[in-house]
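This report examines the charged side chains of one protein chain and the fold that holds them. Please consult the sequence and the structure shown below while reading.

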Amino acid sequence: MAPKAIIAPSILSADFANLGHDCSKTIGQGADWLHVDIMDGHFVPNLTWGPPIVAKIRGHVEKPTEGFGKGTFDCHMMIAEPKKWVKEFKKAGCDLYCFHYEAAFSSAAESPEAKSDEKTSPKELIRYIHDQGMLAGIALKPATSVDVLWEILESEDPKERPDMVLIMTVEPGFGGQKFMASELPKVAELRKRYPELNIEVDGGLGPATIDQAADAGANVIVAGSAVFGAQDPSEVIALLREAVEKRNGKL
């Protein structure tokens with residue numbers, strides 16, 4: 001049976017002048033997680049925020065009491081050297097550190113100021129995130145084949161397997177883009193092979209596209225403007241949740 005529905009509004013669409021308030025309010029309106037988009041201007045052509053901002057909003061949202069629990073900070077690391085920032089985001093309050101497969105063959109240095117000629121790998125990076133006490137996610141850009149994940153998901157060592165896979169349904173870097181249904185076969189293949197895996201979709205999700213994503217097997221739903229721009233965000237969150245639960249037999 002597929003895992004439960006998890007609704008993770010993207011704070012990229014929140015009111016930046018009232019970010020802490022908006023994050024707390026969204027959890028109160030029924031959101032499970034907050035999707036925190038971290039962009040470095042290198043891996044993607046945009047900049048957002050770093051650990052100090054995440055630490056500030058963490059003070060407005062109670063940390064989860066269990067893995068995948070309410071209040072999880074799902075940090076989507078659209079950065080060129082993800083290993084360097086694991087410890088900093090752990091200190092800032094990140095619960096789930098989701099790096100991009102495409103950036104996972106970068107520096108093995110363990111801090112922003114450090115340098116290393118050694119390179120990391122997806123499985124090594126997942127192990128490292130787990131060793132820091134966080135959940136680990138791995139994300140794919142639209143151009144990346146889902147086939148790259150099979151070896152990782154089949155690792156004999158559970159510490160090298162991700163807790164979540166994120167399939168991008170837009171090109172990473174900017175909010176408000178059109179949903180790419182062409183990426184849903186990746187979700188369907190993942191769900192077929194791994195019935196209990198948390199599969200997240202991010203990009204262009206809202207009432208008009210949730211049924212397609214849910215039909216494919218996604219259970220973690222990232223929605224930005226569809227939630228934060230709604231007249232009644234709680235109604236939209238409930239609609240997204242119902243669409244997923246209907247398809248996984250929980251309703």
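How far apart are the mean positions of the positive and negative charges of the chain? In this predicted model, the mean positions of the 27 positive and the 37 negative charges are 2 Å apart.

**Overall fold**

The chain comprises nine helices and eight strands. Its radius of gyration is 17 Å, close to the 18 Å given by the globule rule for 251 residues, so the chain is as compact as a globular protein of that length. Along the principal axes, the C-alpha atoms fill a box of roughly 50 × 40 × 35 Å. Of the 251 residues, 57% count as buried. Among the contacts with a separation of 6 or more, 69% are between residues 24 or more positions apart. The accessible surface amounts to about 10,800 Å², and carbon and sulfur atoms account for 51% of it.

**Salt bridges**

The chain has 16 salt bridges. Three of them are listed here with their N to O distances.

| Salt bridge | Distance (N to O) |
|---|---|
| Arg241 and Asp32 | 2.8 Å |
| Lys84 and Glu81 | 3.1 Å |
| Glu124 and Lys83 | 2.9 Å |

The side chains of Arg241 and Asp32 meet in a salt bridge. This pair links distant parts of the chain, as Arg241 lies in helix H9 (residues 233-247) and Asp32 in the loop between helix H1 (19-28) and strand S2 (33-39), 209 residues apart. Arg241 has a relative accessibility of 22% and therefore counts as partly exposed. Asp32 has a relative accessible area of 14%; because buried means under 20%, Asp32 is buried.

In the bridge between Lys84 and Glu81, Lys84 is buried, with a relative accessible area of 9%, whereas Glu81 is partly exposed at 31% relative accessibility.

The side chains of Glu124 and Lys83 also form a salt bridge. Here too distant parts of the chain are linked: Glu124 belongs to helix H4 (residues 122-131), while Lys83 sits in the loop between strand S3 (72-78) and helix H3 (86-92), 41 residues apart. Glu124 counts as partly exposed at 29% relative accessibility, and Lys83 counts as buried at 5%.

Which residues are joined into one network by salt bridges that share partners? They are Arg58, Lys63 and Asp95.

How values were computed: Residues numbered from 1 in each chain as written. Predicted model: local features only at pLDDT ≥ 70, side-chain atom pairs only at ≥ 80, totals over all residues. Heavy atoms only, no water. Salt bridge = Lys/Arg side-chain N within 4 Å of Asp/Glu carboxyl O. Helix = DSSP H or I, 4+ residues; strand = E, 2+ residues; numbered from the N terminus. Buried < 20%, exposed > 50% of the residue type's maximum accessible area, 1.4 Å probe, protein only. Rg over C-alpha atoms; globule rule 2.2 N^0.38 Å. Contact = heavy atoms within 4.5 Å. Areas by Shrake-Rupley, 256 points an atom, 1.4 Å probe, with all protein chains shown as cover. Lys, Arg positive; Asp, Glu negative; His and termini not counted. Charge placed at Lys NZ, Arg CZ, Asp CG, Glu CD.
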